[in-house]
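Biologist: Please pick one small part of this protein and walk me through it slowly, then show me what lies around it. I am new to this, and I would like each term explained when it comes up.

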Amino acid sequence: MKDKFIIGRYLPLDSIIHRLDPRAKLIFVFFFIIIIFFAHSVATYAWLFLLIMIFLRLSQIKLWFLVKGLTPIWFFMIFTFVMHLFLTKGGTTLVDFRLFTIDSNGVIEGIYIVLRLAFIVMISTIMTLSTSPIQLTDALERLLSPLKVVKLPVHQLSLMMSIALRFIPTLMEELDKIILSQKSRGSEISSGSIPNRVKAFVPLLIPLFISAFQRAEDLAIAMEVRGYNPDTERTSYRRLQFKAQDIWTLVLLVPIAVVLFGLKYLGV
């Protein structure tokens, strides 16, 4: 389970992507996701796929590792494709079942939406795998710092995100232990019909929630005994500084968008 769920994990490699300022990566990924929503042809999706493969190569992350990270959302992607398959009409009728039909537009739109979801998850995963949770927290706090003017608790929100990201791998490891414990007691979790699997999964949630609340309470006590005060003005040990490579990374968004819109409006 924890090997397939890679959200919140960090790979400490020494690559160009790893050395970028986390603020630059957050801004780049944010606008890159917006660009993804404008893709609506084979050529535009091929262009995005090529870019993601380049980013993957630059970050020194293996493709199979990234594909494994898509495993938890496979069901959602298949469900989305099936919904478009039966609800999106237009084009040539491929299958006619009287009660419902499958049109060519439904197949095309379903594929495009699935690719869009996959690309969003992949580019976000590359960012999280190449950026430590602490760096992400610092970057988010710096980027949201202007909102302190309107009394938004930026530091508290950043701290909550950092703790949440750190807890995900921990909870996945805890879930693995619970599953092994249930299997040792003769519980059938990975076999049988879907309703039986759902019923077998319910007993796993109770000990998982108990463990999560216990860890949260231990963390709260540890922070309290160390005198942590969220309302106190805090300094930062880690200094973030934009470099030339970070600026060029953001400038790179312009030709990426130009090529995509060119392919889209040329009808390629």
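Modeller: Here is a close look at one loop residue, Asp21, followed by a tour of the rest of the chain. Before we start, this is a predicted model in which local features need pLDDT of at least 70 and side-chain atom pairs count only at pLDDT 80 or more, while totals for chains, interfaces and linings use all residues. Residues are numbered from 1 along each chain as its sequence is written, and side-chain values use heavy atoms, with hydrogens and water left out.

Let's find Asp21 first. Asp21 sits in the loop between helix 1 (16-19) and helix 2; helices (H or I, at least four residues) and strands (E, at least two) are DSSP runs, numbered from the N terminus. With a relative accessible area of 6%, Asp21 is buried (buried is under 20%, exposed is over 50%, and partly exposed is in between, using a 1.4 Å probe and protein chains only).

What does Asp21 touch, not counting residues up to four places away in sequence? The list is Leu240, Gln241, Phe242 and Asp246, where contact means heavy atoms within 4.5 Å. Take Gln241: 220 residues separate Asp21 from Gln241 in sequence, yet their C-alpha atoms are 7.1 Å apart in space. Such long-range meetings also show up in the chain as a whole: of the contacts between residues at least 6 apart in sequence, 73% join residues at least 24 apart.

Asp21 also has a charged partner. Its side chain meets that of Arg23 in a salt bridge, at 3.1 Å from N to O (the rule is a side-chain nitrogen of Lys or Arg within 4 Å of a carboxyl oxygen of Asp or Glu). Side chains of opposite charge can pair when their charged atoms come close. Both Arg23 and Asp21 are buried.

The structure holds 3 salt bridges, and the other pairs make a nice contrast. Arg19 and Asp14 join side chains at 2.7 Å, N to O; here Arg19 is partly exposed, with a relative accessible area of 44%, and Asp14 is exposed at 55%. Arg215 and Glu174 meet at 3.2 Å, N to O. Arg215 belongs to helix 9 (residues 194-225) and Glu174 to helix 8, so this pair ties together parts that are 41 residues apart in sequence. Arg215 is partly exposed at 33% relative accessibility, whereas Glu174, at 17%, counts as buried.

Now step back to the nonpolar inside. The largest nonpolar core has 32 residues, and Phe32, Leu48, Phe55 and Ile256 touch the most other members; a core is a set of buried Ala, Val, Leu, Ile, Met, Phe, Trp, Tyr and Cys residues joined through side-chain atoms within 4.5 Å. At least two residues each come from helix 2 (22-36), helix 3 (42-58), helix 4 (63-68), helix 6 (104-129) and helix 11 (253-265). Helix 6 gives the largest share, 8 residues. Setting aside neighbours within four places in sequence, Phe55 is in contact with Ile17, Phe28, Phe32, Ile123, Ile126 and Ile256. Another core, of 7 residues, lies apart from this one and includes Leu171, Ile178, Ile179 and Leu208.

The outside has nonpolar parts too. Leu147, Val149, Val150, Leu152, Leu157 and Met160 make a nonpolar surface patch of about 560 Å². Patches are built from residues with over 30% relative accessible area and no salt bridge, with like charges joined within 9 Å and nonpolar side chains (Val, Leu, Ile, Met, Phe, Trp, Tyr) within 5 Å. Accessible areas come from the Shrake-Rupley method with a 1.4 Å probe, and for residues only the protein chains shown count as cover. One patch member, Leu147, is in the loop between helix 7 (133-144) and helix 8 (154-184) and is partly exposed at 36%.

Finally, the whole chain. The protein has 11 helices and 2 strands, and 34% of its 268 residues count as buried. An unreviewed UniProt entry annotates residues 27-56, 63-87, 107-129 and 247-266 as "transmembrane region"; its positions are given in the numbering used here, feature names are shortened, and annotations may be inferred rather than shown by experiment. Within that annotation, residues 107-129 are 100% helix, with end C-alpha atoms 32 Å apart, while residues 27-56 are 83% helix, with ends 18 Å apart.
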